[in-house]
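Please work through the exercises that follow with the structure open beside the text. Each task sentence is followed by a solution that goes step by step.

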Amino acid sequence: GEGGGDPLLDGLNPAQERAVVSRGPALLIVAGAGSGKTRVLTHRIAHLIRNKEAWPSQILAITFTNKAAAEMRERIEGLLGDGAQGMWISTFHSACVRILRREAERFGYVSGFTIYDSADSRALLKRIIKELDADTYGFTPANAGSKISKLKNELSDADDYAATMNENDPRDRLFVEIFKMYEQELRRANAFDFDDLIGQTVQLFRAHPDVAAVYQRRFRHILVDEYQDTNHAQYSLIRELTRAVAPEEVDRLMPPARERELDASGGIPPASLTVVGDSDQSIYAFRGADIRNIVEFERDFRGAEVVKLEQNYRSTQNILSAANAVIGNNFDRQEKNLWTAEGDGAKIVGFTGYSQHDEARFVAEEIEDLHRAGTAYGDIAVFYRTNSQTRALEELLIRSAIPYRVLGGTKFYERAEIKDAMAYLTSIANPYDPIAWSRLLGAPKRGVGPMAEAHLANFQEAQGISFHEAMLRADEVGALGPKLRGTARQLAELLTRAARMAVGGGATDDSAEEAQPAPVGDVLKLILDETEMIEKLRAKRDPQDDARAENLEELIAVAREFDAKQPGAGLLAFLTEVSLVAAADDLDDTSGTVSLMTMHTAKGLEFKAVFITGVEEGLLPHQMSVDEVGGISEERRLMYVGITRAREQLYLTLASTRATFGDISVAMPSRFLQEIPEGLIDWRQSPGEVTGRGGTESRALNAPRGSSSGYGAGGPRSRGRIDSSVSFGSSGSRGGSGAAAVSEPASGNMQSALEKWRE
Ligand code: ATP
Ligand code: MG
């Protein structure tokens, strides 16, 4: 390699090498997919440490998912041959939680604060909307929640909104009230929502320069992967962290700054910033991601060096040519042309099923073929635009006994029984949390109705005590009957026992020796045993409840695993870890299974073989994007992300009819398909070949809107299968015997859908 025997530079191309060794105040690495951006970041960090230019504790590396963070840490340790202790490699959210936990008192929060996931936030909003009668104005927890989230990503609060809103619009005024009340309630609950984690950290730094100085001094090198998907709040955080420490703040630093850290003025120079990104892969505009962050980097960070990478090391040229062709249709972008030295590789395979079941059958059969030919299941992924597409795929995978996992589907931690159990743990850490408390009151059912709950909550509020204490003092709540008082007290006593265990030492003042906090698994076990949650589910003898019981047992296993991995880390660390698990951070090892995920989740990942399913108008691009400004461009970037995940084999599949919510509708091939040069795709069954009941329908059905493209050119192999008499009840190809059982017969719906299309 060009590195001349340096293992950290060996095998890097010259541009990559420059990205590893260059040392300026700011470095922007812009490059297409698969060009080694993440790899360069990893090598850059290892290089800094090995050359003693930085201690591990002076590095802050930001990745998009926790999984990516773990992978990066592992790789750096591999390159250095030892631990990267003290290095912060994490998502924006995790980094901010660490900071907030240390500094929470500054806000009047306590360190045990709860992190509300979107379900918790919605639960809180539901109460508020009800209290304000805001539903009559069309407010729902979902629409109010996403509006609040958007504003928080812009670092705007309720007052900012009020300052710009239309005073005469009652809806706007009401929204401000909802927003304000929501913030009040969060504070009272000692809770942050997900967006707060970043926004509040920025506020903290702005309000307390002395706190900011600690982190500005500590992190000498800040590196951000997937920079194109940062939103304004995240961008602001980076800005705060990369400020110089003013001389007057230096004096206040504890411990005092050393001579060699200071610049000529007596301050501490800003951290060096490295960001990598690909504006063609920006796919989170709906979460406030702002491409401008990358486009304007050079202006924001003066003296920034820019390195471009174009050589792709992931995919074959056929796959790259398709990606280049699709993304080339987006205007207003920097011209980029991905290329590889590896050769053309196999053609892209196209397939059109007559229904989503037929499409799924094809996917399952191809996976079996790939597997037989030596591709591991773990090296195969199936992508889709919306989660609702998984059902048909899963059916066929199960039928074919193909092991698979759905990433980011109904997440483990979103299941009701898991939330129930977690509510107990949350309540121990944060006895002021009303959402957790209200949840545990009713799980398992113990006869505490809404009235009793309200009495307890009023008492809690009036006394200014925690929910835990309120239940301990239930005897003072006159409105409660004796039975309910007993129930509340009993529950409080269980929580006390569990809390003592979690903290360790029994919390008595005269205890001579300090006992260790118990493992989280033991605390959880105590709660589940005492509440008999598992037994009660088992006793119902319902397979679904059995599955719920198993999930709870799995939760104990998760906690035990955590205890083993991080001995003594404690309950709070466990709660933090759980609340930060993101879509791509599936609990389970995916090594032996086919991965199913949305294309958003697929970012940054790679697989030997990739199926992109549902490549249809209305799905990809998604219907919702069609009327939105910039919507189609964003969908095109999503398609580009999907295509560029594949190393060797790419499949593009679609169905000519698709059932949604019981209606069968005609699906048209995606415009993105037409953007891919014909010669790159080997159509096993092209859209033009899929037949309805007769030739006329078939042609009407399959002509892409406003196009006379050559979809019919399916090659001799597939052409042999054209059969205009094929009915909807049978498999159109490959003699798949299982297909008939899952396909829907042509129905009245189908007919009317065709009718509609003809008009
Ligand atoms: P994405 O845009 O999808 O995030 P990326 O630019 O971060 O992609 P990487 O994931 O770092 O790209 O690299 C893509 C693949 O190419 C990886 O398997 C990586 O190990 C490999 N790779 C990168 N650079 C080289 C190189 N110089 N020699 C050999 N393989 C390389
Ligand atoms: Mg990457």
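**Exercise 1: Backbone features in loops**

Pro 444 lies in the loop between helix H19 (434-441) and helix H20 (450-463), where helices (H or I, at least four residues) and strands (E, at least two) are DSSP runs numbered from the N terminus. The model is predicted, so that local features need pLDDT of at least 70 and side-chain atom pairs count only at pLDDT 80 or more, whereas totals for chains, interfaces and linings use all residues. Residues are numbered from 1 along each chain as its sequence is written, and chains are lettered from A and ligands numbered from 1 in the order in which they are written.

Task: find which residues are joined by a cis peptide bond, with omega about -5° in one case and about 10° in the other, and then locate the positive phi of Glu 226.

Solution. Step one: the bond between Ala 443 and Pro 444 is cis, with omega about -5°. Step two: Leu 620 and Pro 621 are also joined by a cis peptide bond, here with omega about 10°, and Pro 621 lies in the loop between strand S13 (607-612) and helix H27 (623-626). Step three: Glu 226, a residue other than glycine, has a positive phi near 55°, and its place is in the loop between strand S6 (221-224) and helix H11 (232-241).

**Exercise 2: Three helix pairs**

Task: describe how H5 packs with H6, how H18 packs with H22, and how H15 crosses H28.

Solution. Two packed helices are described by the angle between their axes and the distance between the axes. Axes are lines fitted to C-alpha atoms, for helices over the stretch in contact, and angles run from 0 to 180 degrees between N-to-C directions.

Step one: helix H5 (residues 118-131) and helix H6 (residues 141-153) pack at about 115°, with axes 9 Å apart. H5 is therefore roughly perpendicular to H6 (angles under 35 degrees count as roughly parallel, over 145 as roughly antiparallel, 65 to 115 as roughly perpendicular and the rest as oblique). Residues meeting across this pair, in contact if their C-beta atoms, placed from the backbone, lie within 7 Å, include Leu 125 and Ile 129 in H5 and Pro 141 and Ala 144 in H6. By class, this contact of H5 with H6 has five nonpolar, three polar and two charged residues (Ala, Val, Leu, Ile, Met, Phe, Trp, Tyr, Cys and Pro count as nonpolar, Asp, Glu, Lys and Arg as charged, and the others, Gly among them, as polar).

Step two: helix H18 (residues 416-429) and helix H22 (residues 482-503) pack at about 70°, with axes 10 Å apart, which makes H18 roughly perpendicular to H22. Tyr 424, Ser 427 and Ile 428 in H18 meet Leu 495, Ala 498, Ala 499 and Ala 502 in H22, and by class this contact has six nonpolar, one polar and no charged residues.

Step three: the axes of helix H15 (residues 317-327) and helix H28 (residues 631-643) come within 9 Å and cross at roughly 175°, and H15 and H28 are therefore roughly antiparallel to each other. Among the residues making the contact are Ile 319 and Val 326 of H15, together with Arg 636 and Met 639 of H28; by class, the contact has eight nonpolar, no polar and one charged residues.

**Exercise 3: The shell around ligand 1**

Task: state which residues come nearest to ligand 1 and which helix gives the most to its shell.

Solution. Step one: of the 19 residues around ligand 1, Gly 36, Lys 37, Thr 38, Arg 39 and Tyr 313 come nearest, a residue being near if its C-beta atom, placed from the backbone, lies within 6 Å. Step two: helix H2 (residues 37-50) gives the most to this shell, with three residues. Step three: by class, the shell has four nonpolar, ten polar and five charged residues.

Methods: Contact = placed C-beta atoms within 7 Å.
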